[in-house]
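Please work through the following exercises with the sequence and the coordinates at hand. Each task is followed by a worked solution.

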Amino acid sequence: EDGKLEESLELLDAIIEKNERYPSAYNNRAQVRQIIQDREGALKDLDEAIKLTQQPKSLELLDAIIDKNERYPSAYNNRAQVRQIMQDREGALKDLDEAIKLTRSEGEVAAMAYTQRGVIHRLNGNAEAAQRDLQHAVNLGSSLAKRVLVELNPYAALCNDMLSSMLQKCIDGEQMYC
């Protein structure tokens with residue numbers, strides 16, 4: 001019986017190697033791994049199977065929402081997040097452009113869209129566009145965009161560290177002039 005389990009595992013490995021976006025194969029391999037006491041491998045495969053089955057469903061739901069109401073910026077922003085997880089940066093950028101357009105660059109959804117678009121630009125190696133979008137998000141009140149923007153600017157990061165250190169010394173009573 002152990003030989004058949006190993007053979008099944010090899011077949012499932014081959015299936016996943018050929019099509020790494022096949023959730024049933026991950027689920028089946030998780031079951032085999034559970035039987036052979038590979039709990040960690042089984043949990044990893046189950047996580048992957050769940051991830052693969054949820055993304056397309058999420059994308060389908062968001063597509064349906066957008067089909068019913070093309071002027072709903074939050075749906076575009078959310079669909080961009082799903083597309084980014086699915087490694088579709090180009091599709092995510094298009095959705096974020098639309099979300100920003102629909103919000104007229106105002107409000108919380110715009111801040112989230114600018115932040116997300118800034119991060120994608122950063123991942124794509126476009127630092128100038130990343131900084132521009134992140135600054136828009138900061139101006140709209142995004143604390144996350146502010147942290148990412150600081151990471152992009154080494155001088156700001158150094159200044160932030162120094163200021164944080166000084167403030168902590170004031171709080172701790174180690175600094176004379178606060």
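The exercises below treat helix packing, salt bridges and a surface patch.

The model is predicted, so local features require pLDDT of at least 70 and side-chain atom pairs pLDDT 80 or more, while totals for chains, interfaces and linings use all residues. Residues are numbered from 1 along each chain as its sequence is written, and side-chain values use heavy atoms, without hydrogens and water.

**Exercise 1.** Determine how helix 5 and helix 6 pack against each other.

*Solution.* Step one: two packed helices are described by the angle between their axes and the distance between the axes. Step two: helix 5 covers residues 89–103 and helix 6 residues 107–123 (helices are DSSP runs of H or I with at least four residues, numbered from the N terminus). Their axes lie 9 Å apart, at an angle of about 150°. Step three: helix 5 and helix 6 are therefore roughly antiparallel (the class for angles over 145 degrees).

**Exercise 2.** Identify the salt bridges that Asp 95 forms with Arg 79 and with Arg 83, and state whether Asp 95 is buried or exposed.

*Solution.* Step one: a salt bridge places a side-chain nitrogen of Lys or Arg within 4 Å of a carboxyl oxygen of Asp or Glu. Arg 79 and Asp 95 satisfy this with an N to O distance of 2.7 Å. Because Arg 79 lies in helix 4 (residues 73–85) and Asp 95 in helix 5, this pair ties together parts that are 16 residues apart in sequence. Step two: the closest N and O atoms of Asp 95 and Arg 83 are 3.4 Å apart. Arg 83 is in helix 4 and Asp 95 in helix 5, so this pair links parts that are 12 residues apart in sequence. Step three: Asp 95 is buried, with a relative accessible area of 3%, and Arg 83 is buried at 18% (buried means under 20%, exposed over 50%, partly exposed in between, with a 1.4 Å probe and protein chains only).

**Exercise 3.** Describe the salt bridge between Glu 48 and Lys 51.

*Solution.* Step one: the closest N and O atoms of this pair are 3.6 Å apart. Step two: both residues belong to helix 3 (residues 39–68), three residues apart, about one turn of the helix. Step three: Glu 48 is partly exposed at 22% relative accessibility, as is Lys 51 with 40%.

**Exercise 4.** Which residues make the nonpolar surface patch of about 260 Å²?

*Solution.* Step one: the patch is made by Leu 163, Met 166 and Leu 167. Step two: Leu 163 lies in helix 9 (residues 154–172) and is partly exposed, with a relative accessible area of 43%.

How values were computed. Patches are made of residues with over 30% relative accessible area and no salt bridge: like charges are joined within 9 Å, nonpolar side chains (Val, Leu, Ile, Met, Phe, Trp, Tyr) within 5 Å. Accessible areas come from the Shrake-Rupley method with a 1.4 Å probe; for residues, only the protein chains shown count as cover. Helices (H or I, at least four residues) and strands (E, at least two) are DSSP runs, numbered from the N terminus. Axes are lines fitted to C-alpha atoms, for helices over the stretch in contact, and angles run from 0 to 180 degrees between N-to-C directions. Angles under 35 degrees count as roughly parallel, over 145 as roughly antiparallel, 65 to 115 as roughly perpendicular and the rest as oblique.
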